[in-house]
Number of protein chains: 2
Amino acid sequence: MAEDQEEIEGLIALMARLPGLGPRSARRAVLQLIKKRGQLLVPLADSMRRVAETARECLRCGNVGTADICSICLSEKRGTGELCVVEDVADLWAMERAGVFKGRYHVLGGVLSALDAVGPEELRIPRLAERVREEAITEVILALNATVDGQTTAHYIADQLEDMGVKITSLAQGVPVGGELDYLDDGTIGAALRARKTF
Amino acid sequence: MAEDQEEIEGLIALMARLPGLGPRSARRAVLQLIKKRGQLLVPLADSMRRVAETARECLRCGNVGTADICSICLSEKRGTGELCVVEDVADLWAMERAGVFKGRYHVLGGVLSALDAVGPEELRIPRLAERVREEAITEVILALNATVDGQTTAHYIADQLEDMGVKITSLAQGVPVGGELDYLDDGTIGAALRARKTF
């Protein structure tokens with residue numbers, strides 16, 4: 001690419017590092033941005049700058065927002081004694097979109113992984129035990145992903161909290177709503193069968 | 001979404017307007033950006049700001065760069081008398097990636113469209129005739145998309161340039177390299193058959 005396009009190529013290279021955009025779609029996106037300079041490119045640059053300055057993790061649960069303590073942790077209504085442990089902020093937001101959980105969250109910030117050298121200290125696991133003690137938690141719901149690392153982490157946490165007199169539960173496994181058996185993997189069908197209930 | 005996440009929600013909404021990103025992938029992208037604040041979010045905001053300030057269209061061909069006249073138009077080597085007419089800057093870049101065309105370009109900035117009220121004056125069509133006259137052009141290659149609007153525009157341009165003594169060609173239509181007949185539409189197979197050549 002010619003030297004008079006270095007700046008633009010640089011932007012394309014940065015955009016291509018976003019999840020969901022490859023080099024080709026990054027190029028399309030940048031051309032679109034340049035076309036819509038006033039409506040899109042400038043507001044986006046400003047918004048990114050503001051988010052870079054203001055975004056922070058909630059000191060209590062790890063949710064991402066612009067306050068030191070997020071609105072979920074501050075809400076009186078959500079002090080139900082139920083604490084939902086999730087891997088990532090995206091999972092917390094997914095739970096919130098579903099709108100069925102009325103307690104508070106604890107974001108681990110990842111899962112234990114021997115391969116990636118992620119131990120309990122790299123995650124918010126020690127902080128979880130502290131919160132259970134301090135916040136009159138009665139039930140810890142392990143809403144970790146149904147992956148090997150996710151389940152390993154769930155077992156580790158369950159071990160850690162065993163003697164604290166708190167109820168520990170995990171999300172049910174089974175057929176997803178709207179799911180067709182023919183398209184499900186064997187593991188899910190097995191889990192759904194084992195956890196079958198009276199109709 | 002809570003009021004302490006307004007800023008972040010705003011950024012997600014802007015990102016979701018990029019081609020290739022929906023609301024879900026925009027959310028994932030923004031969380032990734034916040035995680036990689038120093039390596040990705042801040043550089044991206046800065047780069048967007050710089051591109052917003054410096055990006056411009058080449059006054060001659062319409063290519064996007066940071067100079068008044070782009071490096072392709074300025075290159076002595078590319079004064080071959082061949083002018084390739086494309087719809088959009090993305091098409092120019094695609095031709096350049098292919099690396100087979102050694103002449104210069106003319107970006108129309110769209111195609112004629114009665115539905116969208118795009119006439120010749122909205123595109124860089126009058127400028128094309130001027131360039132053919134001024135730049136000793138011997139061949140105009142119409143590299144417009146093989147869509148109805150693209151081909152209408154190609155015919156319109158051919159009519160306009162008819163009396164100027166310039167050779168007018170268009171890209172060949174046929175089976176794409178690596179293409180399988182079974183997956184091709186009837187129009188392409190018909191075009192390839194009509195344009196068949198001695199083996």
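**Exercise 1. Determine through which surface the two copies meet in this predicted model.**

Solution. Compare the interface residues of the two chains: 100% of those in chain B are also interface residues in chain A, so the copies meet through the same surface. Next, count the residues involved: chain B supplies 54 residues to the contact and chain A supplies 54 residues. Finally, consider the area: chain B and chain A bury about 5,200 Å² between them, and 66% of it lies on carbon and sulfur atoms.

**Exercise 2. Establish how chain B is related to chain A in space.**

Solution. Superposing chain B on chain A takes a rotation of 179° with 0.0 Å of shift along its axis, and the RMSD is 0.1 Å. The two copies are therefore related as by a two-fold rotation axis. To locate this axis on chain B, look for the residue that comes closest to it: B:Ala45, with its C-alpha at 2.3 Å.

**Exercise 3. Describe the polar and charged links between chain B and chain A, then the elements of chain B that touch chain A.**

Solution. Begin with the salt bridges, of which there are six between the chains. One of them joins A:Arg49 to B:Asp46, whose closest N and O atoms are 2.5 Å apart. Polar contacts across the interface number 14 residue pairs, both residues being at pLDDT 80 or more.

Turn then to the elements. On the side of chain B that touches chain A, two or more residues each come from helices H1 (6-15), H2 (23-35), H3 (37-54) and H5 (89-98) and from strand S2 (64-65) of chain B. H3(B) gives the most, with 16 residues. By residue class, this side of chain B divides into 29 nonpolar, eleven polar and 14 charged residues.

Terms used
Residues numbered from 1 in each chain as written. Chains lettered and ligands numbered in written order. Predicted model: local features only at pLDDT ≥ 70, side-chain atom pairs only at ≥ 80, totals over all residues. Heavy atoms only, no water. Least-squares fit on C-alpha atoms with pLDDT ≥ 70 in both. Contact = heavy atoms within 4.5 Å. Buried area = accessible area lost by both parts, 1.4 Å probe. Salt bridge = Lys/Arg side-chain N within 4 Å of Asp/Glu carboxyl O. Polar contact = N/O pair within 3.5 Å; in protein donor to acceptor, adjacent residues only side chain to side chain. Helix = DSSP H or I, 4+ residues; strand = E, 2+ residues; numbered from the N terminus. Nonpolar A, V, L, I, M, F, W, Y, C, P; charged D, E, K, R; others polar.
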